[in-house]
Amino acid sequence: MGNFVPQKSDKFTFGLWTVGNPGADPFGGPVRTPVTPVERVHKLGELGAWGVNLHDNDLVPFGASAQQRDKIVSEFKQALTDSGVVVPMATTNLFSHPVFKDGAFTSNDPKVRAFALRKTVESIDLGAELGAKIYVFWGGREGTEVDASKDAVTALKRFREALDFLSEYAISQNYGMKFALEPKPNEPRGDIYLPTVGAMLGFISTLAHPEMVGVNPEYAHDTIAGLNFYHAVAQALEMGKLFHIDLNGQKPGRFDQDLRFGQEDYKSNFFLVKLLEDYKYDGPKHFDAHALRTSDPADVWEFAKGCMRSYLILKEKAQQFNADPEIQALLQEINAGDAASDAVLSAGFSTENLAALKSLDLDPEALALKPLPYEKLDQLTFELLLGVR
Ligand code: GLT
Ligand code: MN
Ligand code: MN
């Protein structure tokens, strides 16, 4: 059994806003006072995290003067150097200030859209200064409760306009940045545009620089809506579009809980980790989660340790799964190919291959009788996960 101690090579990251979450919710105010961003960075470094991510305003308060900004940023940079923690990802807060109450890039008001664009340009500069190579776009306020208020086609055009502008900007500055779009179906808006990973992937192909834009899927966001996150991530991965990932815990049908990674649905977390490991996902593994409202400041760090430890435990379970003789024998049986059919299926269309397809010996009655021992397979998976294998 491994010792489950995080290494820099695991590329575990936390947002400043995650370990700095004061425990407020829509029904009650903060329950704890977070330590400063500088202290958060030091503590994350001690715990073995590789990186820290931030929104512009997690570090530089909204409305700070240029002088204040520079002082805060230089102290933060010093903390990064001292702790050996890097900033792999940055993003913009386009949701807290009242100016964004009806959207940022998709607001009906061109002045609000221009303000959002300018804020993002400045925030991209901040990210670049701190070394971030991934820039996340989470359109928390880009949606509606009243569909009469906004034309949904126009909203998409506006969102595209902003992203095209910003990708040209990042290119013009030689920032070497990639953009990652983060879908969420609802909350804080009643409905948010581009609600799923698939919707984002479709939208990306319409952008001016699709090659520099991918996705940042979040476990909680798909799980709220009852979707299979493992499937969504697999699609992004297969398309080469998994630029970043937000890992956390969530029960279906609830508000956005942002629980500790591993807190809920171990089996789906297991298949997610197995996917990332089997396909050698090499990007940051970001825990976009926060400690429970019941946690005191010490328990916040238990939360952070728990996220990383749970990932490493599931990673070891994935290795165990891949090495388990009984499970692997079953998988081999299930995946036993047929050389003639495989050859036809992979050869693409041609007149000859069409003829080969027609001449294959395919007996549907016999094929339907082939055993599919999935009960056995799933039970073995369960027993492996629960540690009785
Ligand atoms: C916010 C949201 C997250 C996003 C963050 C990036 S902010 O916490 O709930 O899912 O990833 O803007
Ligand atoms: Mn979330
Ligand atoms: Mn997120």
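**Exercise 1.** In this predicted model, classify Asn174 as buried or exposed, and describe its backbone and its place in the chain.

*Solution.* Step 1: the relative accessible area of Asn174 is 69%. Step 2: the cut-off for exposed is over 50%. Asn174 is therefore exposed. Step 3: Asn174 lies in the loop between α6 (152-172) and β6. Step 4: its phi is positive, about 55°, although Asn174 is not a glycine. As background, most residues other than glycine have a negative phi.

**Exercise 2.** Carry out the corresponding analysis for Asp265.

*Solution.* Step 1: phi of Asp265 is near 45°, again a positive value in a residue other than glycine. Step 2: Asp265 sits in the loop between β9 and α10. Step 3: the relative accessibility is 42%, so Asp265 counts as partly exposed.

**Exercise 3.** State which residues the cis peptide bond joins, and locate Pro188.

*Solution.* Step 1: the bond is between Glu187 and Pro188, with omega about 10°. Step 2: Pro188 belongs to the loop between β6 (178-182) and β7 (191-192). For reference, most peptide bonds are trans.

**Exercise 4.** Identify the protein donors of the manganese ion (ligand 2), and state how this ion relates to the manganese ion (ligand 3).

*Solution.* Step 1: the donors are Glu218 (OE), His221 (NE2), Asp256 (OD) and Asp258 (OD), at 2.0 to 2.8 Å from the ion. Step 2: their spacing in sequence is E-x2-H-x34-D-x1-D. Step 3: distant parts of the chain are linked by the pair Glu218 and Asp258, which are 40 residues apart. Glu218 is in the loop between β8 (213-215) and α8 (219-224), and Asp258 is in the loop between β9 (245-247) and α10 (266-278). Step 4: both residues of this pair are buried, with relative accessible areas of 0% for Glu218 and 12% for Asp258. Step 5: the manganese ion (ligand 2) and the manganese ion (ligand 3) are 4.5 Å apart, and Glu218 coordinates both.

**Exercise 5.** Describe the largest pocket by volume, central residues and lining.

*Solution.* Step 1: the volume is about 1300 Å³. Step 2: 45 residues line this pocket, and those closest to its centre are Asn21, Ala24, Asp256, Asp258 and His290. Of these, Asp256 and Asp258 are also donors of the manganese ion (ligand 2). Step 3: at least two lining residues come from each of α1 (16-19), α3 (56-59), β3 (89-91) and β4 (134-138). Step 4: by class, the lining has 18 nonpolar, 13 polar and 14 charged residues.

**Exercise 6.** Describe the second largest pocket, then examine Val60.

*Solution.* Step 1: this pocket has a volume of about 370 Å³ and 17 lining residues. Asp56, Asn57, Val60, Ala64 and Glu122 lie nearest its centre. Step 2: α5 gives the most to the lining, with seven residues. Step 3: the lining divides into seven nonpolar, four polar and six charged residues. Step 4: Val60 is in the loop between α3 and α4. Its relative accessibility is 10%, so Val60 counts as buried. Step 5: apart from neighbours within four places in sequence, Val60 is in contact with Arg69, Ile72, Val73 and Leu126.

**Exercise 7.** Give the domain division and the extent of contact across it.

*Solution.* Step 1: the chain is divided into domain 1 (8-319) and domain 2 (325-385). Step 2: their centres, taken over C-alpha atoms, are separated by 39 Å. Step 3: five residues of domain 1 are in contact with four residues of domain 2.

Notes. Residues are numbered from 1 along each chain as its sequence is written. Chains are lettered from A and ligands numbered from 1 in the order in which they are written. This is a predicted model: local features need pLDDT of at least 70, side-chain atom pairs count only at pLDDT 80 or more; totals for chains, interfaces and linings use all residues. Side-chain values use heavy atoms; hydrogens and water are left out. On a 1 Å grid over the protein atoms alone, a cavity is a set of points where a 1.4 Å probe fits but cannot get out, and a pocket is an open set with protein on both sides within 12 Å along at least five of seven lines; lining residues have an atom within 4 Å of a point. Grid points are joined across faces, edges and corners, and a volume is the space filled by probe spheres set on the points. Helices (H or I, at least four residues) and strands (E, at least two) are DSSP runs, numbered from the N terminus. Ala, Val, Leu, Ile, Met, Phe, Trp, Tyr, Cys and Pro count as nonpolar, Asp, Glu, Lys and Arg as charged, and the others, Gly among them, as polar. Donors are N, O and S atoms within 2.8 Å of the metal (3.2 Å for Na, K and Ca); water is not among the atoms, so sites may look incomplete. Buried means under 20% relative accessible area, exposed over 50%, partly exposed in between (1.4 Å probe, protein chains only). Domain bounds come from an automatic or database domain assignment. Contact means heavy atoms within 4.5 Å.
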